[in-house]
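User: Could you take me through one part of this model up close, starting with how two helices pack against each other? I'd be glad of residue-level detail, and of a look at the strands afterwards.

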Amino acid sequence: MVAVSDGQPSGPTPTTVRTPVGQPLLSLALTSMMDAVGAHSGAVYLRHGDDPVLEMAVMAGLPRSFAAPWERVGLSAPIPVAEAVRERRLVWVGGEEDMARRYPRIAVVLPYPFALAALPLATASRVYGAVFVTWPGSHPSELSDGERRELTTACERLAVRLERAAADNRSVQAEYDVLDAGPVGGVSDTLGTVEAARMVARLPYGLCSLDLSGRVGFANAAAAELLGVPVRTLLGTHLWASVPWLNDPVYEERYRAALLSQDAVSFVALRPPSDWLSFRLYPSTTGLSVRITRARAVAETAPADPRSGDAPTRLVSMSQALSMAGALTETVTVQDVVGLVADEIAPAVGSEALALLGARAGRLHVLGHHGYPDPRVLERFDGMPLSAPTPGARAVAHGVPAFFDSRQQLEHLYPLRHGSPDGFAAWAYLPLIASGRPVGACVLAYAEPHPFSTHERAVLTSLAGLIAQALDRALLYDVKHQLAHGLQAALLPHSLPSLPGIEATARYLPATRGMEIGGDFYDLVPSQPLPAAVIGDVQGHNVTAAGLMGQIRTAVRAYTTVGQEPAEVMRSTNRLLIDLGSELFASCLYLRLDPGRGRAVMARAGHPPPLLRRADGRVRVLDLAGGPLLGIDATATYPTTEVELTPGGVLALYTDGLIETPGVDIEEGVADLGRKLGDAGDLPLEQLADELVGHHAAAEERLDDVALLLLRARGDG
């Protein structure tokens with residue numbers, strides 16, 4: 001049997017003028033679904049129109065505080081319900097380890113053993129929302145075919161009913177959350193109410209009964225004596241609110257762990273001044289039974305000092321902070337931070353628009369924004385002095401947040417805003433302070449007047465601290481990123497010279513790990529009487545590798561210019577690298593080009609073999625003799641080989657990043673590159689280069705940098 005909780009619906013009621021659905025459609029569908037598969041909690045989310053946000057409309061089986069950080073979620077959020085909507089499929093999370101691996105943000109807030117299934121509420125034409133249900137950690141790691149079929153069918157039925165309601169212009173609104181009242185007649189019918197009370201009263205240890213929200217429904221005299229609080233004070237209250245020395249999030253977390261995992265949990269607590277008590281919590285789908293005894297021996301593992309304030313409120317804000325902290329730790333660039341605030345934090349707090357401002361050299365700068373109908377209204381922030389009489393500048397300069405419930409309130413304090421409306425009606429200006437330094441401000445804008453409660457201001461201020469830490473890291477990363485790219489661009493040729501009889505182009509892609517700077521290099525030297533081409537790879541992806549790469553490239557160019565033969569160029573460069581005392585090695589491929597004779601002389605130092613595509617489309621791997629890597633042996637020699645380079649032929653020089661893929665043999669990589677060169681070799685050289693590096697250019701992650709130098713003989717040399 002199920003019973004609805006008292007009071008108003010916990011979720012936000014959608015604003016609409018349409019006729020509401022006349023029965024609790026969502027809660028009935030949800031509880032039926034849970035009963036069919038034996039789930040112990042769940043929730044239904046609705047999507048209003050084409051909004052990129054899911055809003056929780058009803059929750060069953062557990063208090064809504066358990067899912068507080070996800071009452072409103074953006075469709076791009078990396079959590080199961082959003083993923084189920086994006087991919088229109090059932091998402092299954094088989095347990096605690098699976099959750100930690102795939103959805104670490106949820107695991108940070110709910111580090112308990114439980115399984116979860118999320119499904120979209122979708123018809124062929126549109127998505128109306130999503131559902132999730134959970135089971136205790138004892139559920140098998142795989143969803144059974146029967147459970148999958150029941151859930152899928154139930155969600156399809158609910159989606160059809162939502163579609164019909166929309167077609168009939170009937171609105172589906174948030175409903176009362178559903179908590180299982182459970183059977184109460186069985187025990188009293190068997191033992192009798194009076195005899196049951198006598199039996200419990202005779203027990204030498206304390207007993208309490210808590211409902212799903214954590215309120216005390218029963219406590220025996222022994223429990224009151226052990227806790228030091230009269231029974232009448234305990235009844236109807238949260239245990240941690242009525243017992244001062246239990247007012248600590250550590251103990252609330254045990255209550256949450258027991259309910260979500262449906263496993264018995266225990267903890268010990270110190271009743272001042274020196275009495276240690278043991279608490280054992282036995283959960284069910286109707287609440288918890290708590291046994292309280294004196295602890296015989298306890299190590300000194302007391303929790304943090306108790307905190308004041310209302311426990312449920314503190315629990316929600318703590319959960320929100322943990323969830324957002326987990327998300328923000330994954331951001332890398334400033335735009336990552338802007339995107340996360342726009343996609344997840346702003347929807348969670350009900351904001352319709354935001355601007356992220358940076359502070360540098362005493363002025364504000366717009367780092368990113370989202371949701372403003374006319375982004376030009378933000379131009380006034382760019383370059384604005386921190387001394388300007390504006391709320392954004394004041395928030396950064398003084399480090400104090402400012403909340404404006406209405407336009408009248410804002411314009412009363414800042415009359416200059418009369419002339420620059422942005423279309424919104426309420427604002428929160430949050431200073432971003434990291435390590436005691438102002439790094440900027442976050443501006444949240446609301447479409448309607450929005451009174452900010454004390455709790456909401458505290459939550460927003462806490463979130464601003466998390467955003468500030470992420471933004472500070474991202475600003476530093478972006479500076480290093482720009483430095484790395486600037487250094488890389490300075491060390492590689494800005495353009496390739498025009499050579500008689502030779503058409504040339506090159507591509508370079510940095511690795512996506514580390515500083516995105518590496519040791520791959522290439523060059524085309526217009527020396528007399530014959531030009532030269534070189535490509536190489538210094539090990540490493542850091543400033544040291546890039547610096548050494550620049551020295552090698554300069555040395556090769558200098559030795560070529562003074563007229564050294566290919567073998568001597570390699571020997572001289574090898575000796576230079578050893579003389580520099582570097583612990584890094586380098587591979588290198590050097591060619592002296594003679595397009596007039598249709599020939600090229602090649603010297604190789606541990607570098608991947610070049611590919612030659614003849615005019616008839618055949619491709620040959622020039623795996624010819626060479627010497628060791630540069631920087632290993634001062635006495636090493638580098639034999640040379642003459643190869644053909646007739647008109648229409650294409651030489652492809654490359655580094656190992658182009659042919660190496662984890663789990664794939666390097667010979668297969670060379671063969672694959674040869675096939676691409678053979679198939680696309682007749683394309684214009686620029687298009688051919690793009691074709692050969694296309695897969696790597698589109699990849700989100702590159703373990704190694706990539707360099708490619710293409711040379712095509714024209715026959716006019």
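Analyst: Happy to! On the H17 side, the residues in contact are Leu-548, Ile-552, Ala-555, Val-556, Tyr-559 and Thr-560, and they meet Val-569, Ser-572, Thr-573, Leu-576 and Leu-577 in H18. By class, this contact holds eight nonpolar residues, three polar ones and no charged ones. Please keep in mind that the model is predicted. As for geometry, H17 covers residues 543-561 and H18 covers residues 566-579; their axes come within 10 Å and cross at roughly 145°. The handedness of the H17 and H18 crossing is right-handed.

Now to the strands. Five of them form an open sheet in the order S17-S16-S20-S19-S18, and the pairing is antiparallel. S17 (363-370) and S18 (402-404) stand at the edges with a single partner strand each, so one side of each has no neighbour in the sheet. From one strand to the next, the twist averages 20°.

Within this sheet, the partner of S17 is worth following residue by residue. S16 (residues 353-360) runs antiparallel to S17, and seven bridges join the two. Here Ala-355 stands opposite His-369 of S17. A helix also packs on the sheet: H13 (residues 334-349) touches S16, S17 and S20 (437-446), and its direction makes about 60° with that of S17.

Another strand that repays a close look is S29, residues 650-654. It is mostly covered, with five of its five residues buried. Val-650, Ala-652 and Tyr-654 point one way from S29, while Leu-651 and Leu-653 point the other way; residues of both groups are buried.

S29 also has its pairings. Three bridges join S29 to S26 (residues 611-613), and these two strands run antiparallel. In that pair, Arg-613 stands opposite Val-650, and Val-650 is itself among the buried residues of S29. With S30 (residues 706-713), S29 shares five bridges, and the two run antiparallel as well. There, Leu-708 in S30 is the bridge partner of Tyr-654. As general background, strands of a sheet pair through backbone hydrogen bonds, in either a parallel or an antiparallel way.

To put the pieces side by side: H17 and H18 meet through a contact with no charged residues, H13 packs on the sheet that contains S16 and S17, and S29 is joined by bridges to S26 and to S30.

Key:
Residues are numbered from 1 along each chain as its sequence is written. This is a predicted model: local features need pLDDT of at least 70, side-chain atom pairs count only at pLDDT 80 or more; totals for chains, interfaces and linings use all residues. Side-chain values use heavy atoms; hydrogens and water are left out. Axes are lines fitted to C-alpha atoms, for helices over the stretch in contact, and angles run from 0 to 180 degrees between N-to-C directions. Helices (H or I, at least four residues) and strands (E, at least two) are DSSP runs, numbered from the N terminus. A crossing is left-handed if the near helix is turned anticlockwise from the far one by less than a right angle, and right-handed if clockwise. Contact means heavy atoms within 4.5 Å. Ala, Val, Leu, Ile, Met, Phe, Trp, Tyr, Cys and Pro count as nonpolar, Asp, Glu, Lys and Arg as charged, and the others, Gly among them, as polar. Two strands pair if DSSP finds at least two bridges between them. Buried means under 20% relative accessible area, exposed over 50%, partly exposed in between (1.4 Å probe, protein chains only).
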